[in-house]
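Please take a moment with the sequence and the coordinates before reading on. The paragraphs that follow move from a strand to a pocket, then to the ligand and to two loops.

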Amino acid sequence: MKEGQSSRTAEAAAALRANHFQNAENPVFSDPFAFELTSKGWKKLLTTSVTVKVMNSAVFNRTFGLLTGQVVGRSRYAEDLLEKAMAQGIQQYVLVGAGLDSFTLRQAQKYPQLKIFEVDHPDTQAAKQSKLRQYGALPENVEFVAIDFEKESIADALTRSTFKQDQAAFFSWLGTTHYLEPATTLNTLASISQIAAQGSEVVLDYSVDYRELEGIERLGTLFVSQFTRFLKEPLKGQFRPKILHQAVEQMGYIVTEDLSGDGLTERYFHARSDHIRHTVATHMLHLQLIKA
Ligand SMILES: C[S@@+](CC[C@H](N)C(=O)[O-])C[C@H]1O[C@@H](n2cnc3c(N)ncnc32)[C@H](O)[C@@H]1O
């Protein structure tokens, strides 16, 4: 991330959620606050009829729609699993690299017993907090924890908060590992395994090796990597699924699910008339922490 600047990719992700919510029939994930949370530049594009038409055309959906699929698919997947975890008694939700995720606005009041921790880079967090203030006082069950993953462990950051290490927690870490060195991602997962209680869960998305992609997926990834470089948040982290699984298993996790892009398309984007589907460039990983 560029020093002193809130995350531009977080704004782009919010803009894709906003466009999906406003224009897709039967949205895979509904985020009514994404438009207000994104940047002025994106808001302008999202209210210009030509761009709205292009962004929702069949050609766009078959190409750039892969990115929309990735952004709305990961949020849907994480919140589906969060709901199950809450039904089983989990009462701490840690949004790692929260960006402009609007869970706090959408759900904090609905689940007053759920303690929500937004963990993110201080520059992104400062900009988000000023946007959230327009909705009034923050719900009491929300806490902000600042971190730079490249400089500090998440265990140390959470120690500054009211996070309860003896109670299971649900961690979602969406759209972030792509921008970190693989070692930073692994260190963060190891740090979570040290601070979190038995039965905690982690959901994250990760990029696979781009050299294995073909056709529109390869081209799309080239575009995304140029675009994120332009936003000063270059893509840095890719994993081979088996090697990632072995690494997290050594930390005490079990891999409950590793869902490929095709698996996500099958689950959430089946036979959509707008042709939006999930990219095969990223997977969703669901981990459970089993401590001896
Ligand atoms: C693409 S956004 C994803 C935001 C959100 N989770 C979503 O799905 O829309 C990437 C997030 O990673 C955070 N991030 C990137 N590098 C970071 C770092 N070194 N330390 C802390 N946060 C970082 C950014 O602040 C941003 O919120």
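Helices and strands are taken here as DSSP runs, of at least four residues for a helix and at least two for a strand, numbered from the N terminus. The model is a predicted one, and the walk through it can begin with strand E7, which spans residues 282–289 and contains His 286. Because buried means a relative accessible area under 20%, His 286, with a relative accessibility of 6%, counts as buried. Once its neighbours within four places in sequence are left aside, His 286 is in contact with Tyr 77 and Leu 81, with the run Glu 201, Val 202 and Val 203, and with Ile 254, Val 255, Thr 256 and Glu 257.

From this strand we turn to a pocket. The second largest pocket has a volume of about 270 Å³, and its lining is made up of 21 residues, among which Ala 24, Glu 25, Asn 26, Arg 272 and Asp 274 lie nearest the centre. Helix H1 (8–23) and helix H6 (65–87) each contribute at least two residues to that lining, with the largest share, three residues, coming from H1. Sorted by class, the lining holds eight nonpolar, nine polar and four charged residues.

The ligand is surrounded by 22 residues, of which Arg 17, Gly 97, Asp 120, Thr 124 and Leu 174 are the closest. Several polar backbone atoms come into the picture here: a backbone N or O atom of Gly 97 lies 2.7 Å from a nitrogen atom of the ligand, while a polar backbone atom of Gly 99 is 3.2 Å from an oxygen atom of the ligand. A polar backbone atom of His 121, in turn, is 3.5 Å from a nitrogen atom of the ligand.

Which backbone angles deserve a second look? Most residues other than glycine have a negative phi. Asn 26, which is not a glycine, nevertheless has a positive phi of about 55 degrees; this residue, one of those nearest the centre of the second largest pocket, sits in the loop between H1 and helix H2 (34–37). With a relative accessible area of 62%, Asn 26 is exposed, because that value is over 50%. Ala 271 is likewise not a glycine and has a positive phi of about 50 degrees, and its place is in the loop between helix H13 (261–268) and E7, the strand that holds His 286. Ala 271 has a relative accessibility of 73% and therefore counts as exposed, whereas His 286 is buried.

Notes. Residues are numbered from 1 along each chain as its sequence is written. This is a predicted model: local features need pLDDT of at least 70, side-chain atom pairs count only at pLDDT 80 or more; totals for chains, interfaces and linings use all residues. Side-chain values use heavy atoms; hydrogens and water are left out. Buried means under 20% relative accessible area, exposed over 50%, partly exposed in between (1.4 Å probe, protein chains only). Contact means heavy atoms within 4.5 Å. On a 1 Å grid over the protein atoms alone, a cavity is a set of points where a 1.4 Å probe fits but cannot get out, and a pocket is an open set with protein on both sides within 12 Å along at least five of seven lines; lining residues have an atom within 4 Å of a point. Grid points are joined across faces, edges and corners, and a volume is the space filled by probe spheres set on the points. Ala, Val, Leu, Ile, Met, Phe, Trp, Tyr, Cys and Pro count as nonpolar, Asp, Glu, Lys and Arg as charged, and the others, Gly among them, as polar. A residue is near a molecule or strand if one of its heavy atoms lies within 4 Å of it. A polar contact is a pair of N or O atoms within 3.5 Å; within protein, one must be able to donate a hydrogen and the other to accept it, and residues adjacent in sequence count only if both atoms are side-chain atoms.
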